[in-house]
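Biologist: Could you take me through one part of this model closely, namely the place where the two chains meet? I would enjoy one connected account, with the cut-offs spelled out as you go.

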Amino acid sequence: MENRTITRADLSEAVYQEVGLSRNESAALVEVVLEEISAALTRGESVKISSFGSFAVREKGQRIGRNPKTGQEVPILPRRVLVFRASNVLKSKINKALGGETKTASE
Amino acid sequence: MTKSELILKLAEMNPHLYQRDVERIVQTIFDEIATALSRGDRVELRGFGAFSVKKRDARVGRNPRTGTTVAVAAKYVPYFKTGKDLRDRLNHRGEGKPMASEGPEYLGEDEED
């Protein structure tokens with residue numbers, strides 16, 4: 001199976017096929033969706049997309065890191081990171097399609 | 001923000017669209033990403049982030065409560081890596097502008113590969 005990389009262009013094409021707006025408007029709407037999600041996250045809100053997953057912002061404290069190349073210690077400043085949690089619907093869809101186990105626990 | 005709040009917001013911003021079309025647009029985007037991941041494809045949205053699927057091999061796990069061993073089958077887990085622009089925005093760096101003039105800064109990870 002040849003794996004490809006899906007990009008904005010593919011998402012716009014899907015919206016174009018599905019909704020029948022112009023290609024330009026479809027592309028603009030994909031952009032606006034990503035922008036609204038990014039803006040909410042930047043405000044510190046989490047974003048929950050039912051049956052897909054949720055994005056949440058996590059605050060990380062300062063810690064001492066190490067430059068892996070030189071071994072030198074450097075402080076890593078407090079920062080905010082984004083974590084994505086896939087919904088169970090998405091996880092099981094992927095595992096059904098790719099042939100993995102659908103449930104975590106053995107039955 | 002939930003999916004329905006996102007849809008309401010987009011509908012407000014696009015008064016010329018029917019709300020049901022906005023719903024279909026949002027649903028199509030997430031369905032397309034989910035379907036791509038189910039094919040094992042990667043979804044790369046520059047500036048936002050990249051979705052991919054990682055394989056976790058079968059392993060022998062342990063029930064943390066009872067300590068009994070259980071076989072855990074191989075599975076695939078969806079993974080998201082935040083894009084550089086969004087990561088910078090979360091940390092109030094460069095607000096979407098091209099990032100010049102800032103010195104090199106080690107953030108632990110590099111741009112989506």
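Modeller: Gladly; here is the interface, followed by the sheets on either side of it.

A word on conventions: this is a predicted model, in which local features need pLDDT of at least 70 and side-chain atom pairs count only at pLDDT 80 or more, while totals for chains, interfaces and linings use all residues. Residues are numbered from 1 along each chain as its sequence is written, chains are lettered from A and ligands numbered from 1 in the order in which they are written, and side-chain values use heavy atoms, with hydrogens and water left out.

Let's start with the extent of the interface. Chain A brings 59 residues to the contact and chain B brings 53 residues, where contact means heavy atoms within 4.5 Å. The size of an interface is often given as the accessible area lost when the parts come together. Here the two chains bury about 5200 Å² between them, with 66% of it on carbon and sulfur atoms; buried area is the accessible area (1.4 Å probe) that two parts lose on being put together, summed over both.

Now the polar side of things. Between chain A and chain B there are 18 residue pairs in polar contact, both residues being at pLDDT 80 or more. A polar contact is a pair of N or O atoms within 3.5 Å; within protein, one must be able to donate a hydrogen and the other to accept it, and residues adjacent in sequence count only if both atoms are side-chain atoms. The interface also holds three salt bridges, each a side-chain nitrogen of Lys or Arg within 4 Å of a carboxyl oxygen of Asp or Glu. One of them joins Arg24(B) to Glu18(A), with the closest N and O atoms 3.7 Å apart.

Which elements of chain A supply at least two residues each to the side that touches chain B? They are β1 (5-6), α1 (8-19), α2 (23-42), β2 (47-49), β3 (53-60), β6 (79-86) and α3 (88-98); helices (H or I, at least four residues) and strands (E, at least two) are DSSP runs, numbered from the N terminus. The most comes from α2(A), with 14 residues. By class, this side of chain A has 31 nonpolar, 13 polar and 15 charged residues. For that count, Ala, Val, Leu, Ile, Met, Phe, Trp, Tyr, Cys and Pro are nonpolar, Asp, Glu, Lys and Arg are charged, and the others, Gly among them, are polar.

One sheet has strands from both chains. Its order is β1(A)-β1(B)-β2(B)-β5(B), an open sheet of four strands with mixed pairing. β1 of chain A and β5 (75-82) of chain B stand at the edges, each with a single partner strand, so one side of each has no neighbour in the sheet. Two strands pair if DSSP finds at least two bridges between them. β1(A) runs parallel to β1 (residues 42-45) of chain B, joined by two bridges, and Ile6(A) has Val43(B) as its bridge partner. Further along, β2 (residues 49-56) of chain B and β5(B) are antiparallel over eight bridges, with Ala50(B) partnered by Lys81(B). Helix α2 (residues 19-38) of chain B lies across β1 of chain A together with β1 and β2 of chain B, at about 35° to β2(B). Axes are lines fitted to C-alpha atoms, for helices over the stretch in contact, and angles run from 0 to 180 degrees between N-to-C directions.

Chain A also has an open sheet of three strands in the order β2-β3-β6, with antiparallel pairing.
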